[in-house]
Amino acid sequence: MSTNDTMNSPKPSLVLCSNSESETENIGLAIGDAMNCGLLIGLNGTLGAGKTRLTQGIGKSLGIEHGQIVSPTFTICVPHEGRIPFLHLDAYRIQTPEEVDELGLDEMLENGVSLIVEWFDLIRPLLPPVDLEIQIDAPTKDSRNFSFFSNTENGLQILNALKLENRNQS
Ligand SMILES: Nc1ncnc2c1ncn2[C@@H]1O[C@H](COP(=O)(O)OP(=O)(O)O)[C@@H](O)[C@H]1O
Ligand SMILES: [Mg+2]
């Protein structure tokens, strides 16, 4: 893991670089370790960017085995009962706003359930304000850049924890 500045707009609060799947898992672990309430986490990035791999790392920190977290593309969402319960959602195949409404996501968040949403951009307008948004880019076959954005207090707490953990790396 390493930190970088970037010229993207809006400017991410933090960029972490990974050069392997296990480094990506470690980024996920660090996010999970910092979670202490229900959060909306939005993941963006093309197919194979590492959205599911990152979610596996978050899940591992929350007590969910790697193998139980798979891309929920065909089921839209899968609930997991971790230290913090979370719903793993894949927006790719959602066709109508009603499909999202029926899930009762606002209520879940209010009840302390976290939501981790792959292809978040596709349903952004249907969801409450995102706590932590992560854009994943893949400059090479094995490297990934994770750009973090947040505007909420809960999201900023996670970002601060990640910054602290990565403060000595360049
Ligand atoms: N640094 C890396 N971090 C995460 N995945 C990587 C990395 N380098 C290569 N990969 C590969 O990228 C793919 C990521 O898959 P996945 O997490 O399912 O993507 P997504 O959910 O974004 O479609 C896997 O095949 C994985 O082996
Ligand atoms: Mg996926």
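The following questions and answers explain how several structural descriptions of this predicted model are justified.

Q: What makes β5 a strand that is largely enclosed by the rest of the structure?

A: A residue counts as buried if 20 or more other C-beta atoms lie within 10 Å of its own. In strand β5 (residues 86–90), 5 of the 5 residues are buried, so the strand is largely enclosed by the rest of the structure. Both faces are covered, with Phe86, His88 and Asp90 buried on one side and Leu87 and Leu89 buried on the other.

Q: How do you know that β4 and β5 pair?

A: Pairing requires at least two bridges between the strands. Strand β4 (residues 77–80) is joined to β5 by 4 bridges, so the two strands pair, and they run antiparallel. His80 has Phe86 in β5 as its bridge partner. The connection from β4 to β5 is a hairpin through 5 residues.

Q: What makes β5 and β6 paired strands, and in which sense do they run?

A: With 5 bridges joining β5 to strand β6 (residues 114–118), the requirement of at least two bridges is met, and therefore the strands pair. They run parallel. Leu89 stands opposite Val117 in β6.

Q: How do you know that β8 pairs with β2 and with β7?

A: The same criterion of at least two bridges is applied to each pair. Strand β2 (residues 14–18) and strand β8 (residues 144–149) share 5 bridges in the antiparallel sense, and Phe148 in β8 is the bridge partner of Leu14. Strand β7 (residues 132–137) and β8 are likewise antiparallel over 5 bridges, with Ile136 opposite Phe146 in β8. Both pairings therefore satisfy the criterion. A hairpin through 6 residues joins β7 to β8.

Q: Why are Leu132 and Phe148 said to be in contact?

A: Two residues are in contact if their C-beta atoms lie within 7 Å, and Leu132 and Phe148 are therefore listed as a contact. Leaving aside neighbours within four places in sequence, Leu132 is also in contact with Leu39, Ile41, Ser150, Gly155 and Ile158. Leu132 is among the residues with the most contacts inside the largest nonpolar core, which has 36 residues; others include Ile31, Ile41 and Val117.

Q: Which residues come nearest to ligand 1, and what is the class make-up of its shell?

A: Of the 19 residues around ligand 1, Thr24, Gly50, Lys51, Thr52 and Arg53 come nearest. The shell has 2 nonpolar, 10 polar and 7 charged residues. Helices α1 (21–34) and α2 (51–62) each supply at least two residues of this shell.

Terms used: Residues are numbered from 1 along each chain as its sequence is written. Chains are lettered from A and ligands numbered from 1 in the order in which they are written. This is a predicted model: local features need pLDDT of at least 70, side-chain atom pairs count only at pLDDT 80 or more; totals for chains, interfaces and linings use all residues. A residue is near a molecule or strand if its C-beta atom, placed from the backbone, lies within 6 Å of it. Ala, Val, Leu, Ile, Met, Phe, Trp, Tyr, Cys and Pro count as nonpolar, Asp, Glu, Lys and Arg as charged, and the others, Gly among them, as polar. A residue is buried if 20 or more other C-beta atoms lie within 10 Å of its own, exposed if 12 or fewer, and partly exposed in between; C-beta atoms are placed from the backbone. A nonpolar core is a set of buried Ala, Val, Leu, Ile, Met, Phe, Trp, Tyr and Cys residues joined through C-beta atoms within 7 Å.
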